[in-house]
Amino acid sequence: MVYINSVPVLHIDFERQVGIDMNNEQSDFISALHAKYASSLVQLTYRRIGDTELAKELVQETFLIACCKPTAICSHDNPAGWLFNTLKKLTMREMKRAYHSEVPINYDFADEHEESLLSMDVYIPQGLTDKERELILWRVNEEISFEEIANRRGVSVVACRKQVSRAFQKCRDLLSKEKVDSK
């Protein structure tokens with residue numbers, strides 16, 4: 001991939017590699033939009049999601065969609081607005097996916113005996129509330145389902161999932177901070 005100002009430049013033989021049929025005028029128009037707006041789109045997306053690589057990927061996906069719909073963007077009254085709106089939708093989709101995804105904390109203790117396992121409590125960083133610590137331990141140590149945790153807490157399953165997700169996110173953030181501080 002070719003980069004200009006750390007932004008990937010759209011460099012695909014659309015007809016051959018992706019099967020997209022565009023005429024030269026449409027290809028030049030989308031390439032000009034890419035040259036003019038790609039950097040701004042990456043910066044905007046980075047501010048929303050905080051991940052440079054993911055921001056670049058979403059911008060590339062936006063331009064790929066533009067290439068798949070060349071007539072729509074080329075005939076649009078405001079092609080830049082079309083790009084920003086498409087990117088906004090992709091960013092929101094990605095943010096929802098990240099918010100609702102659950103990343104388990106997996107430790108490989110296969111070689112150890114069960115009685116010699118340490119509690120996950122040892123690995124959980126300081127800075128979590130007792131409630132957050134308890135939620136993480138229930139999910140990881142005891143492998144309790146969301147339904148059971150919701151019953152124990154007296155909340156809905158949806159609220160329980162959100163609480164557990166937020167507890168894991170806070171734990172990851174604290175672990176990342178500890179890692180940076182230790183360097």
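**Exercise 1.** In this predicted model, how are α2 and α3 placed relative to each other: roughly parallel, roughly antiparallel, roughly perpendicular or oblique?

*Solution.* Step 1: two packed helices are described by the angle between their axes and the distance between the axes. Step 2: the axes of α2 and α3 come within 8 Å, and they cross at roughly 140 degrees. Step 3: angles over 145 degrees count as roughly antiparallel, those of 65 to 115 as roughly perpendicular, and the rest above 35 as oblique. Step 4: α2 and α3 are therefore oblique to each other. The crossing of α2 past α3 is right-handed.

**Exercise 2.** State which residues of α2 and α3 meet, and sort the contact by class.

*Solution.* Step 1: on the α2 side, the residues include I30, L33, H34 and I49. Step 2: on the α3 side, V59, F63 and A66 are among them. Step 3: the contact divides into 14 nonpolar, 4 polar and 1 charged residues.

**Exercise 3.** Find the elements that give two or more residues to the largest nonpolar core, and describe the contacts of L83.

*Solution.* Step 1: the core has 19 residues, and I30, V59, F63, I73 and L83 touch the most other members. Step 2: α2 (24–49), α3 (52–68) and α5 (79–100) each give two or more residues. Step 3: beyond its neighbours within four places in sequence, L83 is in contact with L33, Y37, T62, F63, A66 and I73.

**Exercise 4.** Decide whether T86 is buried or exposed.

*Solution.* Step 1: T86 lies in α5. Step 2: its relative accessibility is 13%, and buried means under 20%, so T86 counts as buried. Step 3: leaving aside neighbours within four places in sequence, T86 is in contact with T62 and I65.

Definitions and conventions
Residues are numbered from 1 along each chain as its sequence is written. This is a predicted model: local features need pLDDT of at least 70, side-chain atom pairs count only at pLDDT 80 or more; totals for chains, interfaces and linings use all residues. Side-chain values use heavy atoms; hydrogens and water are left out. A nonpolar core is a set of buried Ala, Val, Leu, Ile, Met, Phe, Trp, Tyr and Cys residues joined through side-chain atoms within 4.5 Å. Buried means under 20% relative accessible area, exposed over 50%, partly exposed in between (1.4 Å probe, protein chains only). Helices (H or I, at least four residues) and strands (E, at least two) are DSSP runs, numbered from the N terminus. Contact means heavy atoms within 4.5 Å. Axes are lines fitted to C-alpha atoms, for helices over the stretch in contact, and angles run from 0 to 180 degrees between N-to-C directions. A crossing is left-handed if the near helix is turned anticlockwise from the far one by less than a right angle, and right-handed if clockwise. Ala, Val, Leu, Ile, Met, Phe, Trp, Tyr, Cys and Pro count as nonpolar, Asp, Glu, Lys and Arg as charged, and the others, Gly among them, as polar.
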